[in-house]
Amino acid sequence: MPGMVAFGRRWGIASDDLVFPGSFELFVRVLWWIGTLALYTLHEGKFDCSGGRVLHSYLVVLLILLAFIILSLCAIVYVSAQGTITNPGPRRSIPVLVYVRAMLYVPELIWAILGAIWVSDDSQGCQTHFFPSIWILLLSTGVGVLFVFDPLGSTHPGPQSQELLGVRDLESSQGSQLLSTARSVAVRVWESRLRLLCCCLPRDESHRAAFSSIAQLVSGFFSDTDLVPSDIAAGLALLHQEQDKMEQCRDPDEALSHSPSSPIAEDLEAELEKATHCMQFAVAAYGWPMYVYSNPLTGACRLSRDCCKTQSAEYDIVGGDNMGCHFSSVLHSTGLQYRDFIYVSFHNQIYEIPFFVALDHKRAAVLVAIRGTLSLRDLLTDLSADCENLPVEGVSGACYAHKGMSQAASYICKKLLNDGILNQAFTIAPEYKLVITGHSLGGGTASLLAILLRSSFPTLQCYAFSPPGGLMSKALADFSKEFVVSVVLGKDLVPRLSYPNMEDLKRRILKMVSNCNKPKYRILLQGCWYELFGGEPDDFPTEMDNRRKEELNQPLLGEESLLIRSSSSYQGLASEESPVHGSHLPLYLPGRILHITEDGPARRSCFSQVRYRVEWSSETVFRSVLISPRMMADHMPDAVLLSLRSLTQDRPFNLCPSSLSNSHLNVI
């Protein structure tokens, strides 16, 4: 599990991660050696050109060099396959083997350069079409080194300093200073990564503050573990199979026909009809990318007739849509006319997300639809997950919410009220009621916007589709049950995303990899097979031999790693209790929750017919992350819309939404 220490630094790869890359290179090198030997044998006695003796010597040395490389790779693959994730003892010789393999690159590179010089010399007069080249392998090796390079590798204390400090001494002033320095370096590294990823964004104060906040969040989450990416992948594979075994043993829950906190008259069928209607507008808010994705055969052709045209006076209500394609897709998706729109904004900055306001005559509503994540700026808004106070009149208890979405909701609220947008809408249709909707980021922002506008519009309703789990405090979540309905499909990851849930996921991953006594390469191979082809979950051992239970409650020590002894991730590592919140405030889903699940077997092909069932659920169901191949597919807005239509129309749909005919996603 600890990152491998070589060349004086820690790398983002463990000593048991060399099985697959080593096997691949071994396969290539063996083919190369066989091919070179075959060519040498075929041309034996035919090196009669002017440079024949040089070519003969070159091939002989190349065969010997490849043989040494093959032997070193065999040793690396064999030793790397020994032990378990948390037992690197049998792999202690891996650094030495890596040094030997690295040293072999020197003569190989020199020999390749000499070979290239010899080939470029036309005076040799020998045919060189069979001359092998190693430049592709050398280039791929260099790229691989860049991938596993850990910028924080040199910041870890050496073995002597760690031995002197020990885990207990990390609580001393010297240990605290060491940890503080490591955290500061980690924050700077993550800030640099974010700036590189978002290099096209402006470098104003709001973006710098967002980068800093996100960097502190991400670096703090990984600061108390010594996991490499493959450890996380192995833990997720084990956890997925463990969750599937538990699900097979669990009796199906009984679906409720009414929400426990709603009037009996407000039945499930009526809420589904309203949610299905609002979801059309939430999907439309994504503009032309979602329209083309949902209509791959005809979407682009339909929009091309309206895009890039000279905008008429009717387009004066539209902002941030220079080409007109976004607004054209909204018109096609909703079936509304130009005159039905009060305000349309595709302006997009951090904490400022697109939305539109329209008159929904079918439901007699002034509808505010907010777009979900579709840009890097939206992603920064999503990741600004610190808590921010959101005082609401009449709500007792702590009132706080997700910072990024809270600021986005405040931005839209000011636009709606200060610019007179809602006043204009209700002047045209005073008898209409206010309805707010959105998906993902838009769903979370819509819920907080509904809370902000509740005092001014007591009859408003909000339908939030796939909102993030870490959204608002318990007091605000309870307050929103009166007017907010959240819709969650299947094993969608986003409604289960919150810092406590991620800490719980990390804790469970650590437990799985700590208790499994299988080598990592077997876990990954069997996990990939299970994800692709299904079958019965593998019965991996849940406890290692001769492992004391109290040892599992201690931090997992890695070579030359910094650990925080009082990390919440390690509290009760062997326990199955609810997530440990630690210093992070708990956040909840908004309102009442409609949970849509698939009927029938869990694994089906992409084009299988599927039916859905729906039930009222509680926020406790979403307190842990479920690992599934559909954890991201269930979050897609077209998948949510299709499931809702399947429920309201009582007919099955395919599992591949984008492969459906256009009529399924167009307004009927």
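**Exercise 1. Find out how residues 55–78 and 98–118 are folded in this predicted model, and how far apart their ends lie.**

Step 1. Start with residues 55–78: the span is 100% helix and 0% strand. Its end C-alpha atoms lie 34 Å apart.

Step 2. Now take residues 98–118, where the chain is again 100% helix and 0% strand. Here the end C-alpha atoms are 30 Å apart.

Step 3. Check the record. An unreviewed UniProt entry lists residues 55–78, 98–118 and 130–149 under "transmembrane region".

**Exercise 2. Work out which nonpolar residues form a surface patch with Leu-109, and decide whether Leu-109 is buried, partly exposed or exposed.**

Step 1. Locate Leu-109 in helix H3, which covers residues 94–120.

Step 2. Collect the patch: Val-106, Leu-109, Ile-110, Ile-113, Leu-114 and Ile-117. Together these side chains belong to residues with about 510 Å² of accessible area.

Step 3. Classify Leu-109. Buried means under 20% relative accessible area and exposed means over 50%. Leu-109 has 36% relative accessibility, so Leu-109 counts as partly exposed.

**Exercise 3. Describe the ring geometry of Phe-7 with Tyr-99 and of Phe-479 with Phe-483.**

Step 1. Get the overview: the structure holds 8 aromatic pairs.

Step 2. Look at Phe-7 and Tyr-99. Their ring centres are 4.9 Å apart with 80° between the planes, an edge-to-face pair. Phe-7 sits in the loop between strands E1 and E2, while Tyr-99 lies in helix H3, 92 residues apart, and the pair thus links distant parts of the chain. Tyr-99 is partly exposed, with a relative accessible area of 31%.

Step 3. Turn to Phe-479 and Phe-483. The centres are 5.4 Å apart and the planes stand at 75°, so this pair is edge-to-face. Phe-479 counts as buried at 17% relative accessibility, and Phe-483 counts as buried at 3%.

**Exercise 4. Determine how well helix H12 is covered, and which aromatic cluster includes Phe-327.**

Step 1. Count along H12, residues 325–334: 9 of its 10 residues are buried. Among them are Cys-325, His-326, Phe-327 and Leu-331.

Step 2. Follow Phe-327 outward. Phe-327 forms one aromatic cluster with Tyr-338, Phe-341 and Phe-356.

Step 3. Look just past the helix, where Gly-335 takes a positive phi of about 75°.

**Exercise 5. Trace the salt bridges of Asp-16 and Arg-371, and ask whether the partners are buried or exposed.**

Step 1. Recall the principle: side chains of opposite charge can pair when their charged atoms come close. A search of the whole structure finds 20 salt bridges.

Step 2. Examine Asp-16 and Lys-520, whose closest N and O atoms are 2.9 Å apart. Asp-16 is in the loop between E2 and helix H1, Lys-520 in helix H19, and 504 residues separate them.

Step 3. Check burial. Asp-16 counts as buried because its relative accessibility is 4%; Lys-520, at 1%, is buried too.

Step 4. Widen the view: Asp-16, Asp-17, Arg-91, Asp-231 and Lys-520 are linked in a network of salt bridges.

Step 5. Compare with Arg-371 and Asp-378, where the closest N and O atoms are 2.6 Å apart. Arg-371 is buried at 5% relative accessible area, and Asp-378 is buried at 0%.

Note on methods
Residues are numbered from 1 along each chain as its sequence is written. This is a predicted model: local features need pLDDT of at least 70, side-chain atom pairs count only at pLDDT 80 or more; totals for chains, interfaces and linings use all residues. Side-chain values use heavy atoms; hydrogens and water are left out. Patches are made of residues with over 30% relative accessible area and no salt bridge: like charges are joined within 9 Å, nonpolar side chains (Val, Leu, Ile, Met, Phe, Trp, Tyr) within 5 Å. Accessible areas come from the Shrake-Rupley method with a 1.4 Å probe; for residues, only the protein chains shown count as cover. A salt bridge is a side-chain nitrogen of Lys or Arg within 4 Å of a carboxyl oxygen of Asp or Glu. Helices (H or I, at least four residues) and strands (E, at least two) are DSSP runs, numbered from the N terminus. Buried means under 20% relative accessible area, exposed over 50%, partly exposed in between (1.4 Å probe, protein chains only). UniProt positions are given in the numbering used here, feature names are shortened, and annotations may be inferred rather than shown by experiment. Rings of Phe, Tyr and Trp (its six-membered ring) pair if their centres lie within 6.5 Å; planes under 30 degrees apart count as stacked, over 60 as edge-to-face and the rest as tilted.
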